[in-house]
Amino acid sequence: MTMQSKVTAAFQSRFRRQPEAVVRAPGRANLLGGHTDYNDGYVLPVALDRAAWIAAAPTAGPDVHLHALDLNKSAAFSLERISPANGEWADYPCGVAWALQDAGLGLLGMEAVLTSSVPVGSGLSSSAAIEVAFAYTWQVLSGFELDRAKLALLCQRAENAYVGVNCGILDQMASALGAEGCARLLDCRTLESELVPLPRDVAIVVADTKVRRALASSEYNVRRAQCEEAVAILGEYLPGIRALRDVSSDDLERHKAHLSEIVYRRARHVVADNERVLQAAKALRAGDAATVGALMKACHISLRDDYEVSSPELDVLAEAAWEVEGCYGARLTGAGFGGCTVALVAPGALPDFETRVVAAYEAAFDRAPDIYACRSANGVERMV
Ligand code: GLA
């Protein structure tokens, strides 16, 4: 059964009518640019064919009735009185409704069913997919116009200010603006972006450690603060910088003596990864998967050693992938600490990749990772 028929059938049986819209919003893998988004830097995400799906129809009043099929849990609230977040799944739709209304948009009440094929908490943006799917569903049902970047910003606001997770703009932009066959080169300061075609003969393979670590309780905020510290100190010597995005490797080396060793390493990762994103986009345009893969490997090593957001499980998956002939490169994707790696693999090498990566992981941890060969997909869209 397809996701579309599953969510449609669930809506029909729960609400005893036809959905007026079916919307899908994808998860993403980020090829390059780890922890660069909140430094005003560059990222290179691909929207995946794993997505959050919503079937919905409007209600006459302000009431919202939701059902999360995968959790078998329902939630109801009124658009006129949105209570604070309570740590439940419905925080995402409530937060999105709050952010859209706070931006002055008029929302209709709705009945909706949600299901998702993005593994939860895996670093593939399961929450951004849900936020973007709800925001777009409200847009479609309520009839307002919102450009994709604005929609992504409002979803990020829902996550920052309502759910309470201090994420950057990467995930929501990737889900809103993906395009099949392409990665998106995004400037997280200006939100200008450009599609970059992916080589046709390359598969995007996600390997999931199945270790979950919630972003909110992780070291994420510590890393953000260290980056801000670097900018505050470097700003005394480099007037006019606003973020690590404005610092080159040469600048950083010249002034490194003013930074603590740890803050220097954090900054070195961000500055180098920004440069790697631009090199990778150039290599992709030239169809040069080998260079992109080498940059992904360098990114993983830098996230492991300088930014220190990897984990033993992620390292085993990445290192095993690098050894496979026909694997161009692999790195952890998302915030790190747990979750997934993403690899670019020649299709002929897929069986070998799976066997060898699974074997390495089992040998180290006595359990298997999940491996998904993914395709690139479009950003959020109305399917019905
Ligand atoms: C998480 C956040 C993003 C980004 C990545 C790291 O996915 O939600 O905003 O910071 O981590 O690149």
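The shell around the ligand in this predicted model consists, by class, of six nonpolar, five polar and three charged residues. In total, 14 residues surround the ligand. The closest are H35, D37, G168, D171 and Y220.

Allow me to take three of these residues in turn. For H35, the backbone is involved: one of its N or O atoms lies 2.8 Å from an oxygen atom of the ligand. For D37, the side chain is involved instead, with an N or O atom 2.5 Å from a ligand oxygen atom. For G168, a polar backbone atom is 2.8 Å from an oxygen atom of the ligand. As for how much of the ligand is covered, the ligand taken alone exposes 300 Å², and the protein buries 96% of that.

Where does the ligand lie with respect to domain 1 and domain 2? Domain 1 spans residues 3-197 and domain 2 spans residues 203-374. Both domains give residues to the shell, so the ligand lies between them.

I turn now to the protein chain as a whole. The chain has 11 helices and 13 strands. Its radius of gyration is 21 Å, close to the 21 Å that the globule rule gives for 384 residues, so the chain is as compact as a globular protein of that length. Taken along the principal axes, the C-alpha atoms of the chain fill a box of roughly 65 × 50 × 40 Å. Of the 384 residues in the chain, 59% are buried.

Two individual residues deserve a moment of attention, and I begin with H300. This residue lies in helix α9, which covers residues 289-305. Is H300 buried or exposed? H300 has a relative accessible area of 0%; because the cut-off for a buried residue is under 20%, H300 is buried. Its side chain is joined to the side chain of D315 by a polar contact of 2.9 Å.

The second residue is A179. A179 is found in a loop, between helix α5 at residues 170-177 and strand β7 at residues 182-187. With a relative accessibility of 15%, A179 also counts as buried. Which residue, 200 residues apart from A179 in sequence, is 5.8 Å from A179 in space? That residue is G379, with the distance taken from C-alpha to C-alpha.

To close, I return to the ligand: 14 residues surround it, the protein buries 96% of the area it exposes when taken alone, and it lies between domain 1 and domain 2.

Terms used. Residues are numbered from 1 along each chain as its sequence is written. This is a predicted model: local features need pLDDT of at least 70, side-chain atom pairs count only at pLDDT 80 or more; totals for chains, interfaces and linings use all residues. Side-chain values use heavy atoms; hydrogens and water are left out. A residue is near a molecule or strand if one of its heavy atoms lies within 4 Å of it. A polar contact is a pair of N or O atoms within 3.5 Å; within protein, one must be able to donate a hydrogen and the other to accept it, and residues adjacent in sequence count only if both atoms are side-chain atoms. Accessible areas come from the Shrake-Rupley method with a 1.4 Å probe; for residues, only the protein chains shown count as cover. Ala, Val, Leu, Ile, Met, Phe, Trp, Tyr, Cys and Pro count as nonpolar, Asp, Glu, Lys and Arg as charged, and the others, Gly among them, as polar. Domain bounds come from an automatic or database domain assignment. Helices (H or I, at least four residues) and strands (E, at least two) are DSSP runs, numbered from the N terminus. The radius of gyration is taken over C-alpha atoms; the globule rule is 2.2 Å times the number of residues to the power 0.38. Buried means under 20% relative accessible area, exposed over 50%, partly exposed in between (1.4 Å probe, protein chains only).
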